[in-house]
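Trainee: I would like to take a close look at one part of this protein, the place where two helices pass one another. Could you take me through it slowly and then show me what surrounds it?

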Amino acid sequence: MAEAVAIPGSRTEARISWLMLVIGYGAAFIAHFSQHRDWSLGLFLGSGLAWINFSALRRGLDVLVLASQAQHGQEKPRVPWWNSVLAAFRYALIGLAVYVIFIYLHVPLLSLIAGLCALAAATIVATVWEILAPDQGHLDR
């Protein structure tokens with residue numbers, strides 16, 4: 001449903017999505033060959049969790065945008081209640097995954113957190129990309 005309507009910024013979201021994996025898995029690759037295998041695994045798993053979180057967040061926000069566009073002009077637009085429930089569930093699930101990875105795989109917690117920060121790094125790179133190359137789809141003009 002989200003693909004049928006052009007949502008502003010969708011190309012930038014896609015760019016953030018693949019940049020997150022490139023940055024996170026690149027850092028894991030470097031850590032692996034620097035003889036830090038435990039950190040490599042933490043960066044790899046943290047980046048994967050960040051990508052799953054971003055994908056779920058992206059889908060949820062696309063639903064909100066489409067719902068608001070469909071209800072344009074209404075005084076009190078209705079937002080699907082399950083969207084808020086899924087957002088809370090997503091963060092609880094990520095917290096549980098980090099706990100399980102930390103306890104059972106004995107991966108350093110800081111490496112998981114650094115992997116989760118791949119989203120922030122990818123967002124910064126995508127923002128700079130948009131500033132330096134505005135003709136290549138800045139907010140999907």
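Mentor: Before we look, one definition is needed: a crossing of two helices is called left-handed if the near helix is turned anticlockwise from the far one by less than a right angle, and right-handed if it is turned clockwise. With that in mind, and remembering that this is a predicted model, we can say that α3 passes α4 in a right-handed crossing. Helix α3 covers residues 81-104 and helix α4 covers residues 109-116, and their axes come within 10 Å of each other and cross at roughly 145°. On the α3 side the contact is made by V98, I101 and F102, while α4 brings L109, L112 and L116 to it. Sorted by class, this contact has six nonpolar residues, with no polar and no charged ones.

The loop between α3 and α4 holds H106, which has a positive phi of about 55° although it is not a glycine. That deserves a second look because most residues other than glycine have a negative phi. H106 counts as exposed, because its relative accessibility is 64% and the cut-off for exposed is over 50%. Another such case is Q35, in the loop between α1 and α2, where phi is near 65°, again positive in a residue other than glycine; Q35 is likewise exposed, with a relative accessible area of 58%.

From the loops we can turn to the interior. The largest nonpolar core has eight residues, namely I16, L19, M20, A50, F54, A118, A122 and A126, and the elements that give two or more residues to this core are α1 (10-33), α2 (37-70) and α5 (118-132). A second, separate core of six residues includes I94, V98, I101 and L112, and of these V98, I101 and L112 also appear in the contact of α3 with α4. Back in the largest core, A122 touches I16, L19 and M20, and also I23, when residues up to four places away in sequence are not counted.

Helix α5 also contains E130, which is buried, because its relative accessible area is 8% and buried means under 20%. The C-alpha atoms of E130 and T12 are separated by 8.1 Å, although these residues lie 118 residues apart along the chain.

Finally, a word on confidence: the protein averages a pLDDT of 83, and 87% of the residues score at least 70. Among its elements, α3, one of the two helices you asked about, has the lowest mean pLDDT, 84, whereas α1 has the highest, 93.

Definitions and conventions: Residues are numbered from 1 along each chain as its sequence is written. This is a predicted model: local features need pLDDT of at least 70, side-chain atom pairs count only at pLDDT 80 or more; totals for chains, interfaces and linings use all residues. Side-chain values use heavy atoms; hydrogens and water are left out. A nonpolar core is a set of buried Ala, Val, Leu, Ile, Met, Phe, Trp, Tyr and Cys residues joined through side-chain atoms within 4.5 Å. Buried means under 20% relative accessible area, exposed over 50%, partly exposed in between (1.4 Å probe, protein chains only). Helices (H or I, at least four residues) and strands (E, at least two) are DSSP runs, numbered from the N terminus. Contact means heavy atoms within 4.5 Å. Axes are lines fitted to C-alpha atoms, for helices over the stretch in contact, and angles run from 0 to 180 degrees between N-to-C directions. Ala, Val, Leu, Ile, Met, Phe, Trp, Tyr, Cys and Pro count as nonpolar, Asp, Glu, Lys and Arg as charged, and the others, Gly among them, as polar. pLDDT is the predictor's confidence in each residue, from 0 to 100.
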